[in-house]
Amino acid sequence: MPIEILMPALSPTMSKTGGKIVKWHKKEQDRVEVGDVIAEIETDKAIMEFESVDEGILAKILVSEGTSGVPVNQLIALMLEEGEDGGVLDNYVSTFTTNVEAKKEVEAHSSTSSNSPVPCDSSVSSNPLVSSQCLTLGSRKEEDTKTAGSRVKISPLAKKLAQNEGVNIKQLKGTGPYGRIIKADVLEYLNSDIQTENRERSGEDTVIEVSNMRRVIAQRLVESKQNIPHFYLTVDCQVDKLIALKNEINAADENNKVTINDLVIKAVAFSMKKFPNVNSSWIDNKILEYVNIDISIAVALEDGLITPIVKNADKKGILSISKEVKDLVSRARSGKLRPEEFQGGGFTISNLGMFGIKAFSAIINPPQSCIMAVGASKKQPLVVNEKIEITEVMTVTLSVDHRTVDGALGARFLNTFKNYIENPLAMLLESV
């Protein structure tokens, strides 16, 4: 029997959004060993490598590169054991593409004529999703657009989009069943370099298809702002001593450079240890308080962001945190994080100081209760002991879920954090 390769669940929300086959690393008839990377899968979080858990010959790829919204556990490829007869593959047919396109065509036709039969080709006529609503090729003509001396197979949805966008369908290449032009083909053409240049010259608007990551980020942010009662607390921290400590550490070991953000993570971890109620989530009208102090750090990617986790940050030294953060950030940007490395966490830090942002308010990363927005440090005059001094000041804003953390608790937590930042030697003494 062939070995079925199914779309893996690489993030919790893939059950809703599905995944995208970004690239196949193996081609048909390639030998596959256990642990070989066979494909790159785009989830809502990142582009991740999909490793094989079996060995054999990759006999048939059923879902092509670039296909989005592939459901978890959808059959995407078949593998044969060494020496197995390839004839057993004859009965395996991928229905994912035809199912999706058939659904779209049923919806398109039902909206215009509920009494009219829905056109389909032979690959769709056997599809249980639309078998009761469509006619086979033998009973009617294809829904084609006729051009001079030839026919162009195109779905009604793609045809309508092409007409609205002024696209000449003769320039399109169909990737649907039997070479039919589908909506994705029109959108790909609209986003091509040629079309971009044409739009720039003509001043037309651009339609951009978003990735799974961007789609889920949008969904989660809307849910967070709508469902979580945010309030915000802001403090200015003098960071002259913090910068001096960072410089001393880096001077002592040039091979392991620490950053201000590494020290911020440590200060947050110690502050959470003193105020464990901050390390919590509101779930089903109850408060879940976490035993471990796991801190998520926001990392910007090309098409969104991801929040890898520094686990047990209160128990790690600053150099250890620094090395771990560098590794997490590097693998996050190359799409090599494991799901357990970015799922969870009890608190998030978002630092835009490197972009020169003085202050901002971040949206809470559910189901966490708090997110800290860190701005850039800047020299400014400050009254210290009745005298005006020029000092480095960093503005920090804490976004808080009022269901789990009250204003007074949030203020005490933030003042404790400020004390660690302004007296950083306390962090070194406490960690000994």
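Helices (H or I, at least four residues) and strands (E, at least two) are DSSP runs, numbered from the N terminus. The model is predicted, and local features need pLDDT of at least 70, side-chain atom pairs count only at pLDDT 80 or more, and totals for chains, interfaces and linings use all residues. Residues are numbered from 1 along each chain as its sequence is written, and side-chain values use heavy atoms, with hydrogens and water left out.

**View A. Salt bridge between lysine 26 and aspartate 36.** The side chains of lysine 26 and aspartate 36 meet at 3.6 Å, N to O (a salt bridge is a side-chain nitrogen of Lys or Arg within 4 Å of a carboxyl oxygen of Asp or Glu). This pair links distant parts of the chain, ten residues apart: lysine 26 lies in the loop between strand E2 (20–24) and strand E3 (31–32), and aspartate 36 in the loop between E3 and strand E4 (37–42). Lysine 26 counts as buried because its relative accessibility is 19% (buried means under 20% relative accessible area, exposed over 50%, partly exposed in between, with a 1.4 Å probe and protein chains only).

**View B. Salt bridge between arginine 331 and glutamate 341.** The N to O distance in this pair is 2.7 Å. Arginine 331 belongs to helix H10 (residues 318–333), while glutamate 341, ten residues apart from it, lies in the loop between H10 and strand E19 (347–351). Arginine 331 and glutamate 341 are both buried.

**View C. Salt bridge between arginine 403 and aspartate 401, with a wider network elsewhere.** The side chains of arginine 403 and aspartate 401 meet at 2.9 Å, N to O. Arginine 403 is partly exposed, at 31% relative accessibility, whereas aspartate 401 is buried, at 1%. Separately, Asp327, Arg331, Arg338, Glu340 and Glu341 are joined into one network by salt bridges that share partners. The whole structure holds twelve salt bridges.

**View D. Open sheet of three strands.** The strand order is E2-E4-E5, with antiparallel pairing (two strands pair if DSSP finds at least two bridges between them). E2 and strand E5 (47–51) each have a single partner strand, so one side of each of these edge strands is left without a neighbour in the sheet. Four bridges connect E2 and E4 in the antiparallel sense. Lysine 23 stands opposite glutamate 40 of E4.

**View E. Lining of the second largest cavity.** Two cavities of 30 Å³ or more are found in the whole structure (a cavity is a set of points on a 1 Å grid over the protein atoms alone where a 1.4 Å probe fits but cannot get out, and lining residues have an atom within 4 Å of a point; grid points are joined across faces, edges and corners, and a volume is the space filled by probe spheres set on the points). The second largest encloses about 30 Å³. Its lining consists of Lys358, Ala376, Lys378, Gln380, Val393 and Thr395. Strand E20 (370–384) and strand E21 (387–401) are the elements that give two or more residues to this lining, and E20 gives the most, with three.

**View F. Backbone geometry in three loops.** Proline 366 and proline 367 are joined by a cis peptide bond, with omega near 10°; proline 367 lies in the loop between E19 and E20. Asparagine 285 has a positive phi, near 60°, and lies in the loop between strand E13 (280–283) and strand E14 (286–289). Asparagine 285 is exposed, at 65% relative accessibility. Asparagine 312 also has a positive phi, near 50°, and is placed in the loop between strand E18 (309–310) and H10. Its relative accessible area of 24% makes asparagine 312 partly exposed.

Key. On a 1 Å grid over the protein atoms alone, a cavity is a set of points where a 1.4 Å probe fits but cannot get out, and a pocket is an open set with protein on both sides within 12 Å along at least five of seven lines; lining residues have an atom within 4 Å of a point.
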